[in-house]
Protein chains: 2
Amino acid sequence: MGSVAVLHSAQLMTLAGPARPRSGAEMRELGIISGGGMLVRDGVIEQVGSSEEIERNLPNDADVLEARGRVVLPGFVDAHAHPVFGGDRVEEFEMRARGATYEEIAAQGGGIRSTVRKTRAASEEELLALAQKRAEWFLRCGTTTMEAKSGYGLSLEEELKMLRVIRRLNETTPIEFVATFLGAHALPEEYEDRPNEYADCLVEEMLPEVVRQELAEYCDIFCEHGYFDAVSTRRVLSAARAAGLQLRMHADQLTNSGGAALAAELGAVTADHLEQTEEEGIAAMKAAGVQPVLLPASVYSLGKTRYPMARDMIDAGLAAVLATDFNPGSSPTPSLPMVMSLACTQMKMTPAECLTSITVNAAYSLGRGGRIGSLEVGKRADFVVCDCEDYRELAYWFGLPLIHSVYIRGRREL
Amino acid sequence: MGSVAVLHSAQLMTLAGPARPRSGAEMRELGIISGGGMLVRDGVIEQVGSSEEIERNLPNDADVLEARGRVVLPGFVDAHAHPVFGGDRVEEFEMRARGATYEEIAAQGGGIRSTVRKTRAASEEELLALAQKRAEWFLRCGTTTMEAKSGYGLSLEEELKMLRVIRRLNETTPIEFVATFLGAHALPEEYEDRPNEYADCLVEEMLPEVVRQELAEYCDIFCEHGYFDAVSTRRVLSAARAAGLQLRMHADQLTNSGGAALAAELGAVTADHLEQTEEEGIAAMKAAGVQPVLLPASVYSLGKTRYPMARDMIDAGLAAVLATDFNPGSSPTPSLPMVMSLACTQMKMTPAECLTSITVNAAYSLGRGGRIGSLEVGKRADFVVCDCEDYRELAYWFGLPLIHSVYIRGRREL
């Protein structure tokens with residue numbers, strides 16, 4: 001593959017630091033090299049430093065990327081996303097604009113179930129084509145690694161179909177996808193009023209097959225009133241862990257049901273959403289080392305105003321992550337820069353904390369902190385070049401596409 | 001210039017309708033032609049209809065724009081923007097993310113005054129280069145006509161410098177700029193505690209020279225506690241009207257000071273912001289035919305939650321406009337699609353109302369409704385092609401750049 005030298009960035013945002021998720025004040029330490037450069041060989045970062053240092057060792061065959069006046073950052077890592085689905089929910093978006101609530105729409109057969117119907121109706125090839133188009137959207141927004149959840153199939157065959165699409169996204173797009181099995185996203189219509197039987201199906205039929213086919217690394221569940229209660233959550237996630245999957249959890253989104261504490265009890269890697277989580281949940285996550293994954297785009301998109309207590313979580317020493325929650329119902333944005341804007345303006349996170357949250361901390365939450373998430377020697381050369389001179393502009397000039405180019409494994413993909 | 005034929009759009013959003021601003025339910029009538037097309041000759045729309053009709057008359061020399069699978073809309077019109085300024089306010093953005101309020105930052109010498117210092121320190125050439133870069137940002141977001149306010153000079157020479165930059169933007173970029181004199185944006189430091197003397201300066205020195213040099217079509221004022229009170233507002237705007245300018249007004253942004261009613265009394269074309277305006281202000285605007293210009297991006301960006309009562313205004317029959325309020329302090333976004341998202345999710349406007357608000361209604365508010373703002377025969381061929389199949393997706397998939405290409409006077413500019 002040869003080598004690529006990046007020279008004369010306005011700022012090289014290395015995010016260099018300890019080889020673990022960053023918490024508290026560490027989240028504001030970004031390892032900025034003004035005017036910095038980087039040498040990449042065979043897709044891996046070989047040297048990071050001043051542009052003078054890089055130029056001294058410049059191999060003859062190196063492609064030079066002159067980044068003058070631009071900021072270079074680690075590729076963005078989206079740790080919570082639902083990119084595989086049939087159809088869209090633009091009709092519901094309009095209904096909400098006219099005043100209907102998410103809950104009212106769900107009660108009328110809309111919501112997750114409407115996407116389940118469209119996803120089941122789509123062939124594997126159709127789903128793949130749709131998801132590939134969306135992968136290009138993520139790339140345009142600077143994302144180089146992302147999670148992808150199943151959860152719009154809700155039967156053995158349909159969940160396997162979604163997970164195969166995720167595997168094929170990995171093979172056919174430059175983005176690295178990390179698969180999460182979310183069979184417990186909602187109760188399918190055919191199990192209406194039989195939640196325990198659906199839990200049986202999840203634990204006895206779906207989980208073993210997902211693991212046998214090595215289609216997922218993580219298992220997730222929507223722990224919420226009207227979806228999966230604490231008893232089901234314990235049962236499903238314990239079985240998933242016993243089968244060899246790591247755990248994530250949709251917790252405390254609509255009500256404070258003790259989800260964060262339950263995630264801590266079960267040893268989940270992350271607890272996600274947390275809009276209703278308060279002090280005791282934060283303390284439990286801290287004690288167990290759970291990373292909070294905050295999803296302000298869904299709060300915004302639903303027209304709500306209660307955002308998670310990001311400030312308290314960071315000040316308590318949690319290693320926070322920000323993610324898009326990309327999905328057709330409650331968070332139709334693939335843009336992590338947009339999420340940074342929301343986090344700064346609505347949750348009072350600083351731009352530095354936001355950047356740590358969408359790079360190195362997100363990478364650790366997906367089990368890839370040793371390989372990606374920062375620009376350090378030995379890591380994969382996934383990086384983004386932005387049309388601005390100060391990284392904070394990414395959150396500041398919102399709604400404006402500032403991504404100039406995107407490199408994955410040292411190769412330009414956008 | 002020759003001719004251009006647009007064929008086979010997914011939706012041609014004509015916005016055809018009565019030759020006046022659209023109010024109430026009219027705002028939801030978009031004149032959509034599914035699969036529609038358009039013939040443009042010498043920069044002017046000559047025919048609009050089904051693609052079959054357009055193809056029947058296709059001139060031999062026509063460039064064909066095959067829009068299959070894409071939506072074609074009128075170029076967006078931004079009726080409230082401050083694109084000319086020195087520096088940025090990314091430091092203040094970070095201070096606000098850390099919890100400081102806009103008012104606290106202003107009290108420490110930040111806010112508008114910090115931009116005034118940087119704007120005065122910049123040469124006319126420097127200001128022009130900065131504004132040209134920003135004009136490219138607007139173009140990337142689909143804007144083809146926009147207002148540009150002075151107001152960071154606050155002295156005769158410095159305001160004239162800004163207005164000359166706006167004139168030169170018109171000459172050197174494809175976007176049409178409409179100049180508004182906003183000498184009454186804030187009290188300059190050298191007039192601290194002497195507001196009446198600054199009003200003298202505005203009325204006796206600045207206004208006559210701006211008019212003599214034909215540098216502005218509109219006069220605007222920041223009517224607000226601590227800025228310009230009702231007495232000064234009456235004086236300045238009456239003088240402006242007598243001198244031949246039309247009126248716009250920053251009204252009821254931070255407090256309800258009766259600004260909307262005052263705008264009605266003074267015969268302003270628009271009253272802008274209106275976050276604090278209530279029923280009586282709405283009634284006064286309705287009686288006087290004032291168009292409300294709503295700026296949700298500044299509410300969002302300041303981390304506030306009180307948005308203007310858009311629903312009440314539209315239901316009362318006002319011809320609402322949405323605009324970016326682009327400026328370095330309170331609204332650093334050039335994106336009208338982002339503003340549509342904010343209007344739908346935070347103010348419960350429908351996507352259709354939003355589209356009318358950023359096209360035909362905005363054009364009328366800038367005195368150009370007869371020439372731009374809709375895709376009708378005889379109008380200028382300013383149009384935007386978007387990578388989506390339903391216009392509502394522009395507001396739905398937020399943070400994602402969906403603009404495929406932008407045409408002004410029938411010529412591709414992006």
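The following numbered points comment on the chains, the empty spaces and some strand pairings of a predicted model.

1. On the overall form of the chain, chain A contains 16 helices and 19 strands, and its C-alpha trace spans about 70 × 45 × 45 Å along the principal axes. A compact globule of 414 residues would have a radius of gyration near 22 Å, and the 21 Å found for chain A therefore agrees with that expectation.

2. On the relation between the two copies, chain B can be laid on chain A by a turn of 180 degrees with a shift of 0.0 Å along the axis, and the RMSD of that superposition is 0.0 Å. This is the relation of a two-fold axis. Within chain B, the C-alpha nearest to that axis belongs to B:Gly399, which lies 2.6 Å from it.

3. On the interface, 100% of the interface residues of chain B are also interface residues in chain A, so the copies meet through the same surface.

4. On enclosed space, the count comes to 7 cavities of 30 Å³ or more, and the largest cavity holds about 310 Å³ of space. Its lining is made of 28 residues, and those nearest the centre come from both chains, namely A:Gly399, A:Leu400, A:Pro401, B:Gly399 and B:Leu400. The reader may recall B:Gly399 from the second point, where its C-alpha was given as the one in chain B nearest the axis.

5. On what surrounds that largest cavity, at least two lining residues are supplied by each of α13 (336-347) and α16 (393-396) of chain A and α13 (336-347) of chain B. Among the contributors, α13(A) gives the most, with 3 residues. Sorted by class, the lining of the largest cavity has 21 nonpolar residues, together with 5 polar and 2 charged ones.

6. On the second largest cavity, the space amounts to about 150 Å³, and of the 15 residues that line this cavity, B:Tyr102, B:Ile112, B:His185, B:Asn327 and B:Ser330 are the closest to its centre. The lining here divides by class into 5 nonpolar, 8 polar and 2 charged residues, which may be read beside the 21 nonpolar, 5 polar and 2 charged residues around the largest cavity.

7. On the largest pocket, about 330 Å³ of space lies within it, and the residues of its lining number 15, with A:Leu130, A:Lys133, A:Trp137, B:Glu389 and B:Glu393 lying nearest the centre. Helix α5 (residues 124-140) of chain A provides the largest share of this lining, with 6 residues. By class, the lining of the largest pocket consists of 9 charged, 4 nonpolar and 2 polar residues.

8. On the sheet in chain B, 6 strands form an open sheet with mixed pairing, in the order β3-β2-β7-β16-β17-β18. Its edge strands are β3 (32-34) and β18 (411-412) of chain B, each of which pairs on one side only. At the β3 end, strand β2 (residues 11-13) of chain B pairs with β3(B) in the antiparallel sense over 3 bridges, and within this pairing B:Leu12 stands opposite B:Ile33.

9. On the hairpin in chain B, strand β4 (residues 36-41) and strand β5 (residues 44-50) run antiparallel and are joined by 6 bridges, with B:Leu39 of this pair standing opposite B:Gln47 in β5(B). The hairpin has 2 residues between its strands, and B:Asp42 takes a positive phi near 50 degrees there.

How values were computed: Residues numbered from 1 in each chain as written. Chains lettered and ligands numbered in written order. Predicted model: local features only at pLDDT ≥ 70, side-chain atom pairs only at ≥ 80, totals over all residues. Heavy atoms only, no water. Least-squares fit on C-alpha atoms with pLDDT ≥ 70 in both. Contact = heavy atoms within 4.5 Å. 1 Å grid on protein atoms, 1.4 Å probe; cavity = no way out; pocket = protein on both sides within 12 Å on 5 of 7 lines; lining within 4 Å. Points joined across faces, edges and corners; volume = space filled by probe spheres on them. Helix = DSSP H or I, 4+ residues; strand = E, 2+ residues; numbered from the N terminus. Nonpolar A, V, L, I, M, F, W, Y, C, P; charged D, E, K, R; others polar. Pairing = 2+ DSSP bridges. Rg over C-alpha atoms; globule rule 2.2 N^0.38 Å.
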